[in-house]
Amino acid sequence: RGAAEQPYETALLGRDVMELALFMLEKGNKNAASDASVGCLMAYAALRGSLHNVRINLPSLKDQAYKANMQRKTAELEALGENLLTKHRRLCAELI
């Protein structure tokens, strides 16, 4: 399970950083918008890469209920990451 849990936790941190970067894009110093943008993109890469690691490790697990739950959670987190990325693109179009 650790082979799936650890990268999933990393993906959650990527989500958290994306949310912070988007907050900075919306509320922070407009002169630092490009820095917040890059931070958001890097966090998105961490989120997606970590979810790839989860998915590649799931087939080796024997607990089918755990696998199904983790597949659902990764799909939800991936969709949230995509939504945050869309928000990022919209904000960048307005600010940069």
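Biologist: Why is Ser 50 called buried?

Modeller: This is a predicted model. Ser 50 has a relative accessible area of 6%. Buried means under 20%. The value of 6% falls under that cut-off, so Ser 50 counts as buried.

Biologist: Where does Ser 50 sit along the chain?

Modeller: Ser 50 belongs to helix H2, which covers residues 33–57.

Biologist: What makes Pro 7 a contact of Ser 50?

Modeller: Contact means heavy atoms within 4.5 Å. Ser 50 touches Pro 7 by that test. Thr 10 and Ala 11 are touched by Ser 50 as well. Residues up to four places away in sequence are left out of that list.

Biologist: What makes the pattern of the chain α-α-α?

Modeller: The chain has 3 helices and 0 strands. Read along the sequence, that gives α-α-α.

Biologist: How do you know what share of the contacts links residues 24 or more positions apart?

Modeller: Take the contacts with a separation of 6 or more. Residues 24 or more positions apart account for 77% of them.

Biologist: What are the box and the buried share of the chain?

Modeller: The C-alpha atoms fill roughly 50 × 15 × 15 Å along the principal axes. Of the 96 residues, 35% are buried. Ser 50 is buried too.

Biologist: What supplies the exposed area of the chain?

Modeller: About 5,600 Å² is exposed. Carbon and sulfur atoms supply 58% of that area.

Biologist: How many Å separate the mean positions of the positive and negative charges?

Modeller: The chain carries 13 positive and 11 negative charges. Their mean positions are 3 Å apart.

Note on methods. Residues numbered from 1 in each chain as written. Predicted model: local features only at pLDDT ≥ 70, side-chain atom pairs only at ≥ 80, totals over all residues. Heavy atoms only, no water. Helix = DSSP H or I, 4+ residues; strand = E, 2+ residues; numbered from the N terminus. Buried < 20%, exposed > 50% of the residue type's maximum accessible area, 1.4 Å probe, protein only. Areas by Shrake-Rupley, 256 points an atom, 1.4 Å probe, with all protein chains shown as cover. Lys, Arg positive; Asp, Glu negative; His and termini not counted. Charge placed at Lys NZ, Arg CZ, Asp CG, Glu CD.
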